[in-house]
Amino acid sequence: QVQLVESGGGLVQAGGSLRLSCAASGRIFSINAMGWYRQAPGKQRELVATISSGGTPNYADAVKGRFTISRDNAKNTVALQMNSLKPEDTAVYYCNAQHRRLFQPEYTDYWGQGTQVTVSS
């Protein structure tokens, strides 16, 4: 079993910055992509950014140029630096990791519990 624990959410004014962190723990064998998703009230969960095991990032258009994703494979962590925050960035942010066990051919998605980010105007 793999657990993901997020930290770093909070309340910030528009134009401000926040940094989210996520650490994976448990019986880890192999983690593929890691990423961040968000869900605003009344909306579906959406991709914010992902990063491959090799470090290649992918961003949603809405956050390009403002958010930066990074990971530390040795520590099984992923971070999201969020700059120039806007009120529309307000959401619960979820950490995601694709993990597989020894002898398991496919990766399974694991999710953190979510952390609230609120951007005031």
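Which residues are linked in a network of salt bridges? In this predicted model, the residues in that network are Arg-38, Glu-46, Arg-66 and Asp-89. We will come back to them after a walk through one of the sheets.

## A four-stranded sheet

Let us start with the strands. Four of them form an open sheet, and their order is β1-β3-β8-β7, with antiparallel pairing. Because β1 and β7 (67-72) each have a single partner strand, they stand at the edges, and one side of each is left without a neighbour in the sheet. On average, neighbouring strands here are turned by 15 degrees against each other, direction ignored. As general background, strands of a sheet pair through backbone hydrogen bonds, either parallel or antiparallel.

You can follow the pairing residue by residue. Strand β1, residues 2-7, joins strand β3, residues 18-26, through six bridges in the antiparallel sense. One place to look is Glu-6, whose bridge partner in β3 is Cys-22. On to the next pair: β3 and strand β8, residues 77-82, are also antiparallel, over six bridges. Here Ser-21 stands opposite Ala-79 of β8, and Ala-23 has Thr-77 as its bridge partner in β8.

## Two residues of strand β1

Val-2 is a good residue to visit in strand β1. With a relative accessible area of 7%, Val-2 falls under the 20% limit and therefore counts as buried. Setting aside residues up to four places away in sequence, Val-2 touches Ala-24, Ser-25, Arg-27, Ile-28, His-99 and Tyr-110. For a sense of scale, the C-alpha atoms of Val-2 and Ser-52 are 18 Å apart, while the two residues are separated by 50 residues along the chain.

Glu-6 belongs to strand β1 as well. Which side chain of opposite charge is nearest to Glu-6? That is Arg-45, at 7.7 Å; Glu-6 is buried yet has no salt bridge. A salt bridge needs the charged atoms within 4 Å, so the 7.7 Å to Arg-45 does not qualify.

What does the side chain of Glu-6 reach instead? One backbone nitrogen it reaches is that of Cys-95, at 2.7 Å. The side chain of Glu-6 also reaches the backbone nitrogen of Gln-113, at 3.1 Å. Beyond its neighbours within four places in sequence, Glu-6 is in contact with a list of residues that includes Ser-21, Trp-36, Tyr-93, Tyr-94, Gly-112, Gly-114 and Thr-115.

## The salt bridges

How many salt bridges does a search of the whole structure find? The count is four. In general, side chains of opposite charge can pair when their charged atoms come close.

Arg-38 is a helpful starting point. Arg-38 forms a salt bridge with Glu-46, where the closest N and O atoms are 2.8 Å apart. Arg-38 also forms one with Asp-89, and there the closest N and O atoms are 3.0 Å apart. This second pair links distant parts of the chain: Arg-38 is in strand β4 (residues 30-39), Asp-89 is in the loop between β8 and β9 (91-100), and 51 residues separate them. Both Arg-38 and Asp-89 are buried; for Arg-38 the relative accessible area is 6%. Glu-46, at 39% relative accessibility, counts as partly exposed.

Arg-66 is part of the network too, and its place is the loop between β6 (57-59) and β7. Arg-66 is buried, with a relative accessible area of 11%. Apart from neighbours within four places in sequence, Arg-66 is in contact with Gln-81, Met-82, Asn-83, Ser-84, Leu-85, Lys-86 and Asp-89. Another salt bridge joins Asp-61 and Lys-64, with the closest N and O atoms 3.1 Å apart. Asp-61 counts as exposed, at 64% relative accessibility.

## Two loop residues with positive phi

Most residues other than glycine have a negative phi, and most peptide bonds are trans. Against that background, two residues are worth finding in the loops. Asn-76 has a phi near 55 degrees, a positive value in a residue other than glycine. Asn-76 sits in the loop between β7 and β8 and is partly exposed, with a relative accessible area of 21%.

Ser-84 has a positive phi as well, near 50 degrees. Its loop is the one between β8 and β9, and Ser-84 is partly exposed at a relative accessible area of 41%.

Terms used: Residues are numbered from 1 along each chain as its sequence is written. This is a predicted model: local features need pLDDT of at least 70, side-chain atom pairs count only at pLDDT 80 or more; totals for chains, interfaces and linings use all residues. Side-chain values use heavy atoms; hydrogens and water are left out. Two strands pair if DSSP finds at least two bridges between them. Buried means under 20% relative accessible area, exposed over 50%, partly exposed in between (1.4 Å probe, protein chains only). Lys and Arg count as positive and Asp and Glu as negative; His and the chain ends are not counted. A polar contact is a pair of N or O atoms within 3.5 Å; within protein, one must be able to donate a hydrogen and the other to accept it, and residues adjacent in sequence count only if both atoms are side-chain atoms. Contact means heavy atoms within 4.5 Å. Axes are lines fitted to C-alpha atoms, for helices over the stretch in contact, and angles run from 0 to 180 degrees between N-to-C directions.
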